[in-house]
Amino acid sequence: MLYLASQSPRRRELLDQLGEDHGTLNVDVEEVRQPGEPPEAYVSRVARDKALAGLALVAGEPGARVLGADTEVILGDEVFGKPRDAADAADMLRRLAGREHRVVSVAWLVQPGTERTATSVSTVRFAALDDATIAAYVATGECMGKAGAYAIQGRAAAFIEHLSGSYSGVMGLPLYETSQLLRGQ
């Protein structure tokens, strides 16, 4: 049985697109970047920690496999996680406006005795955004709970001038890479 170590509706929806029957697991993993930890290593560590925490919950179940994932927005060397509040979201969006950033999405598939990973790195360029546009977007609440304070599949799609990489990876689970993991490739 495949389990997704996430309660994210976006990740569940994306995994459904692959036609994989799966259950979900609620895991609690600390998402704190260690001093000096490179952004990509941080994203991978958190995704792996989620997968391993999920595996611990179903360890006695024969054939259990657990998929853990993490996605973060990275500007330079700075990781933009989920905003703490509306002011933090507006600050993130102001800093991303008119600039290019990376979105790193990592998936880990673990089962007893086996761990495999896949990484997707996408480049996103935002249009210039004025304060009124940012305030209106933040007021929708869509930015909350989203890395970098935006949802590519929502209203923020109108902010994106260019995307190079994986749309689904920016959304939260890179489907090509995940399908390769699930097929053992």
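This briefing describes the cores, a helix, the charged side chains and two backbone positions of one structure. The structure is a predicted model. Its largest nonpolar core has 40 residues, and a second, separate core has 19 residues. A search of the whole structure finds twelve salt bridges, whereas Arg11 is buried without having a salt bridge.

**Nonpolar cores**

- The largest nonpolar core counts 40 residues, and those with the most contacts inside it are Leu67, Leu93, Phe126, Tyr137 and Tyr150.
- Helix α3, which spans residues 86–96, contributes five residues, and this is the largest share of that core.
- Leu93, one of the residues with the most contacts inside the core, touches Phe126, Leu129, Ile134, Tyr137, Val138, Gly148, Ala149 and Tyr150 when residues up to four places away in sequence are not counted.
- A second core, separate from the largest one, has 19 residues, among them Ala5, Tyr42, Val43 and Val110.

**Helix α4 and its two sides**

- In helix α4, residues 131–140, the buried residues are Ile134, Tyr137 and Val138.
- These buried residues lie on the same side of α4, because they cover an arc of only 100° around the axis.
- Ala132 and Ala139, which are on the other side of α4, are exposed.
- Helix α3 is included in what covers the buried residues of α4, and Leu93 touches Ile134, Tyr137 and Val138.

**Arg11, a buried charge without a salt bridge**

- Arg11 is found in helix α1, which runs over residues 9–17.
- Although Arg11 is buried, it has no salt bridge, and the nearest side chain of opposite charge, that of Asp70, is 4.6 Å away; a salt bridge requires a side-chain nitrogen within 4 Å of a carboxyl oxygen, so this pair does not qualify.
- A polar atom of the Arg11 side chain does lie 2.7 Å from the backbone oxygen of Gly172.
- With its neighbours within four places in sequence left aside, Arg11 is in contact with Leu4, Ser6, Lys50, Ala69, Asp70, Thr71, Gly172 and Leu173.

**Salt bridges**

- Lys50 and Asp70, both of which appear among the contacts of Arg11, meet through their side chains in a salt bridge with an N to O distance of 3.4 Å.
- Because Lys50 lies in helix α2 and Asp70 in strand β3, this pair ties together parts that are 20 residues apart in sequence.
- Lys50 and Asp70 are buried, and salt bridges that share partners join them with Glu31 into one network.
- Asp77 forms a salt bridge with Arg33, in which the closest N and O atoms are 3.3 Å apart.
- This pair links distant parts of the chain, 44 residues apart, with Asp77 in the loop between β3 (65–75) and β4 (78–80) and Arg33 in the loop between β2 (22–24) and α2 (39–57).
- Asp77 counts as exposed because its relative accessibility is 52%, while Arg33, with a relative accessible area of 28%, is partly exposed.
- Glu100 and Arg125 also meet in a salt bridge through their side chains, at 3.9 Å from N to O.
- Glu100 is in strand β5, residues 100–111, and Arg125 in strand β6, residues 114–126, and the pair thereby links distant parts of the chain that are 25 residues apart.
- Glu100 is partly exposed at a relative accessible area of 47%, and Arg125 is partly exposed at 31%.

**Backbone positions with positive phi**

- Gly141, just after α4, takes a positive phi of about 80°, and its place is in the loop between α4 and β7 (160–164).
- With a relative accessible area of 35%, Gly141 is partly exposed.
- The C-alpha atoms of Gly141 and Ala86 are separated by 8.2 Å, although these residues are 55 residues apart along the chain.
- Ala149 has a positive phi of about 65° although it is not a glycine.
- Most residues other than glycine have a negative phi.
- The place of Ala149 is likewise in the loop between α4 and β7.
- Ala149 is buried, with a relative accessible area of 0%, and it is one of the residues that Leu93 touches.

How values were computed: Residues numbered from 1 in each chain as written. Predicted model: local features only at pLDDT ≥ 70, side-chain atom pairs only at ≥ 80, totals over all residues. Heavy atoms only, no water. Core = buried A, V, L, I, M, F, W, Y, C linked by side-chain atoms within 4.5 Å. Buried < 20%, exposed > 50% of the residue type's maximum accessible area, 1.4 Å probe, protein only. Helix = DSSP H or I, 4+ residues; strand = E, 2+ residues; numbered from the N terminus. Contact = heavy atoms within 4.5 Å. Lys, Arg positive; Asp, Glu negative; His and termini not counted. Polar contact = N/O pair within 3.5 Å; in protein donor to acceptor, adjacent residues only side chain to side chain. Arc of directions from axis to C-beta.
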